[in-house]
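Below are my notes on the model you sent round. They are set out as numbered points, beginning with the charged contacts and ending with the overall fold.

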Amino acid sequence: MKHLASMTLIAAGPALAVALTQSGAALANPDERQAIDDRLQQYEARFNEEDAVALSELFDEEVVYYGPLGKIFEGRAAVEERYRQNFEAGFSDMTVETIEIEVIGDTAWDIARYTITNPQGEPLEGYHLAILEKVDGDWIVQRTLVNAVIPEPPAQ
């Protein structure tokens, strides 16, 4: 499976490079990247306020959210409920660190590292990849994939 994924990336790489080169005029200015970074900071603030409704408003009505444990949440209402359950379970104190933001026209993606406190009071970290679309002047998450960093098992 890893081999197939690697081959797919190798095959897609040149096509993506050509598309990015040909769309050079459509690449965003720094203000667009800043707007997306600002959305990531809004995400952090809304999470820390434990406001599931406000958090869900950062997502499209038909968003597909691939959760860290393999569960898929489809639609804004499902994402809102996911966050509500997380808050009820005791997840809190999120920090978000932007790693990468790329914008082409009205489409963008961001990669960020997050840290939250789990219900046992321990830090939990992971990464997310979001695909966004600019809708009525706002960057809205269309798809997102979240993972959690799992410690390496002890050497045997």
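1. R33 and E102 form a salt bridge in this predicted model, with 3.5 Å between the closest N and O atoms. The pair joins distant parts of the chain, since R33 sits in helix α2 and E102 in strand β3, 69 residues apart. R33 has a relative accessible area of 29% and is therefore partly exposed. E102, at 26% relative accessibility, also counts as partly exposed; the band for that class begins at 20%, and anything under 20% would be buried.

2. How many salt bridges does the structure hold? The number is 6, the R33–E102 pair being one of them. The cut-off for a salt bridge is 4 Å between a side-chain nitrogen of Lys or Arg and a carboxyl oxygen of Asp or Glu, and the 3.5 Å of R33–E102 is to be read against that limit.

3. E97 and R113 make another salt bridge, with the closest N and O atoms 2.7 Å apart. E97 belongs to strand β3 and R113 to strand β4, so this contact ties together parts that are 16 residues apart in sequence. E97 is partly exposed, with a relative accessible area of 43%. R113 is partly exposed as well, at 27% relative accessibility.

4. Within helix α4, the side chains of E80 and R84 meet in a salt bridge, with an N to O distance of 2.3 Å. Why are these two residues about one helical turn apart? They are 4 residues apart in helix α4, which accounts for the separation of about one turn. The contact is part of a network of salt bridges that links E80, E81 and R84. R84 counts as partly exposed because its relative accessibility is 30%.

5. Q85 also lies in helix α4. Its relative accessible area of 43% makes Q85 partly exposed. A52 is 33 residues away from Q85 along the chain, yet the C-alpha atoms of the two are separated by 9.1 Å.

6. The largest pocket has a volume of about 600 Å³. It is lined by 32 residues, of which Y65, P68, R82, N86 and V146 are the closest to its centre. By class, the lining divides into 23 nonpolar, 5 polar and 4 charged residues.

7. Which element gives the most to the lining of the largest pocket? Helix α2 does, with 5 residues. At least two lining residues come from each of α2 (30-48), β1 (59-66), α4 (76-89), β3 (92-104), β4 (107-117), β5 (123-135) and β6. Several of these elements appear in the points above: α2 and β3 hold the two ends of the R33–E102 bridge, and β3 and β4 hold those of E97–R113.

8. On the surface, Y66, I72, L129 and L145 form a nonpolar patch with about 340 Å² of accessible area together. One of its members, L145, is found in strand β6, which covers residues 138-146. L145 counts as partly exposed because its relative accessibility is 47%; a patch member needs over 30%.

9. Two backbone angles deserve a look. D93, in strand β3, has a phi near 50 degrees, a positive value in a residue other than glycine. D93 is exposed, as its relative accessible area is 51%, and the limit for that class is 50%. D136 likewise has a positive phi near 50 degrees and is not a glycine. D136 is placed in the loop between β5 and β6. With a relative accessible area of 79%, D136 is exposed.

10. As for the fold, the chain has 4 helices and 6 strands. Along the sequence they follow the pattern α-α-α-β-β-α-β-β-β-β. Of the 156 residues in the chain, 33% are buried.

Methods: Residues numbered from 1 in each chain as written. Predicted model: local features only at pLDDT ≥ 70, side-chain atom pairs only at ≥ 80, totals over all residues. Heavy atoms only, no water. Patch = residues over 30% accessible without salt bridge, like charges linked within 9 Å, V, L, I, M, F, W, Y side chains within 5 Å. Areas by Shrake-Rupley, 256 points an atom, 1.4 Å probe, with all protein chains shown as cover. Buried < 20%, exposed > 50% of the residue type's maximum accessible area, 1.4 Å probe, protein only. 1 Å grid on protein atoms, 1.4 Å probe; cavity = no way out; pocket = protein on both sides within 12 Å on 5 of 7 lines; lining within 4 Å. Points joined across faces, edges and corners; volume = space filled by probe spheres on them. Nonpolar A, V, L, I, M, F, W, Y, C, P; charged D, E, K, R; others polar.
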